[in-house]
Amino acid sequence: MAKWGIWPRTTAETSAKLFRRRSFIPNSARLREGFPMPSPKTIIVVGGTGYAGSAIVREAATRGHAVTSVSRSIPADQVAGVSYVAADALNGTLSIGTADVVVGALSPRGDNAGTLTKAYLRLADQARDAGARLVLVGGFSCLRREAGAPRMIEGESFPPDVPQEVIVEAKENMDVLTHLLADETRLDWLFVSPAMEFSSWMPGEDLGRYRLGGDVALFDVDGRSAISGVDYARAVLDEIESPTRHRAQIGIAY
């Protein structure tokens with residue numbers, strides 16, 4: 001089995017040419033330049049206090065959407081205009097009401113290990129019944145090296161220094177994606193895989209740009225795969241406001 005590593009420069013350059021770049025236009029700039037404003041949506045972010053979830057919550061609120069952040073406890077540090085709800089996606093206490101979009105940003109670590117698939121299948125049922133779109137924060141290892149190749153988690157081994165909890169999380173993300181790909185209902189879902197460098201301990205910078213790909217991992221010309229939490233959230237909100245993919249996996253990186 002191959003191990004995760006850096007792609008050759010030529011492969012990275014080829015990959016970079018396959019996908020177009022999208023840039024977020026702030027609402028203030030849209031008004032100034034005469035761009036149409038996206039319609040405000042009601043968005044629920046389950047796991048809205050984690051690394052990815054909190055970035056998505058903040059970005060959605062900045063764009064004027066009605067945002068509810070759901071977590072097991074109410075955080076002390078809150079985003080203005082956001083509603084915070086204490087609920088558990090597993091025990092039936094979470095109601096999505098009339099949400100337009102349900103975002104899943106749960107982390108299956110610690111006490112949550114082994115619960116991700118069950119939680120997201122419950123969310124999927126609720127979103128389907130409500131006619132809402134389901135957007136899930138996925139994992140990098142669910143992507144492929146190239147078109148037609150196995151997903152990395154299926155065809156490669158993890159480096160020896162990767163913590164076991166990260167490996168468990170990756171396997172749970174793959175299980176979730178497998179269920180989504182097999183879904184034959186009317187559920188409108190999107191599985192958004194971040195770049196390899198994406199976490200609270202390597203937050204990156206706010207560069208105001210990103211590349212959008214399919215299920216093939218994106219690397220830059222130096223063979224690096226990275227995205228900051230802020231720019232990942234921008235990509236997610238762009239897809240919420242102006243969807244380009246439905247019932248699909250996408251990848252986000254610089």
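Which residues of helix H3 are buried? Keep that one in mind while you look at the model, which is a predicted one. The buried set is Ala-52, Gly-53, Ala-55, Ile-56, Val-57, Glu-59 and Ala-60. A bit of helix geometry helps when you read that list: an α-helix has 3.6 residues a turn, so residues three or four places apart point the same way.

What sits over those residues? The cover on the buried part of H3 includes strands S3 (42–46), S4 (66–71), S5 (83–86), S6 (101–104) and S7 (133–137), along with helix H7. As for the helix itself, H3 covers residues 51–62, twelve in total, and at 1.5 Å a residue it should span 16 Å; the end C-alpha atoms are 17 Å apart, so the two agree. Just after H3 you'll meet Gly-64, which has a positive phi of about 90 degrees.

Now follow S6, one of the strands covering H3. Val-101 and Val-103 face one side and Val-102 and Gly-104 the other, and all of them are buried, so to speak, with both faces of the strand covered. S6 runs parallel to S3, joined by four bridges, and there Val-46 stands opposite Gly-104. S6 also pairs with S7, again in the parallel sense and over four bridges; here Val-102 has Leu-134 as its bridge partner. To get from S6 to S7, go by way of helix H4 (residues 116–130): these three elements make a right-handed β-α-β unit.

Further along the chain comes S10 (210–213). Tyr-210 and Leu-212 point one way from this strand, Arg-211 and Gly-213 point the other way, and all are buried. S10 pairs with S11 (residues 248–253) in the antiparallel sense, over three bridges, and Gly-213 has Gly-251 as its bridge partner in S11.

After S10 there's a loop that leads to helix H7 (229–241), and Ser-225 lies in it. Is Ser-225 buried or exposed? Its relative accessible area is 1%, so Ser-225 counts as buried. Leaving out residues up to four places away in sequence, Ser-225 touches Phe-140, Ala-195, Met-196, Glu-197, Leu-218, Phe-219 and Ala-253. With Met-196 there is something more specific: a polar atom of the Ser-225 side chain lies 3.1 Å from the backbone nitrogen of Met-196.

How far can you lean on all this? The chain has a mean pLDDT of 88, and 85% of its residues reach 70 or more. Residues 1–24 are another matter, with pLDDT below 50, although the stretch has 67 contacts in the model beyond near neighbours in sequence. Where pLDDT is low, the predicted coordinates should not be read in detail.

Methods. Residues numbered from 1 in each chain as written. Predicted model: local features only at pLDDT ≥ 70, side-chain atom pairs only at ≥ 80, totals over all residues. Heavy atoms only, no water. Helix = DSSP H or I, 4+ residues; strand = E, 2+ residues; numbered from the N terminus. Buried < 20%, exposed > 50% of the residue type's maximum accessible area, 1.4 Å probe, protein only. Polar contact = N/O pair within 3.5 Å; in protein donor to acceptor, adjacent residues only side chain to side chain. Contact = heavy atoms within 4.5 Å. pLDDT = per-residue confidence, 0-100. Pairing = 2+ DSSP bridges. Expected span 1.5 Å × (residues − 1). Right-handed = clockwise from strand over helix to strand, strands pointing away.
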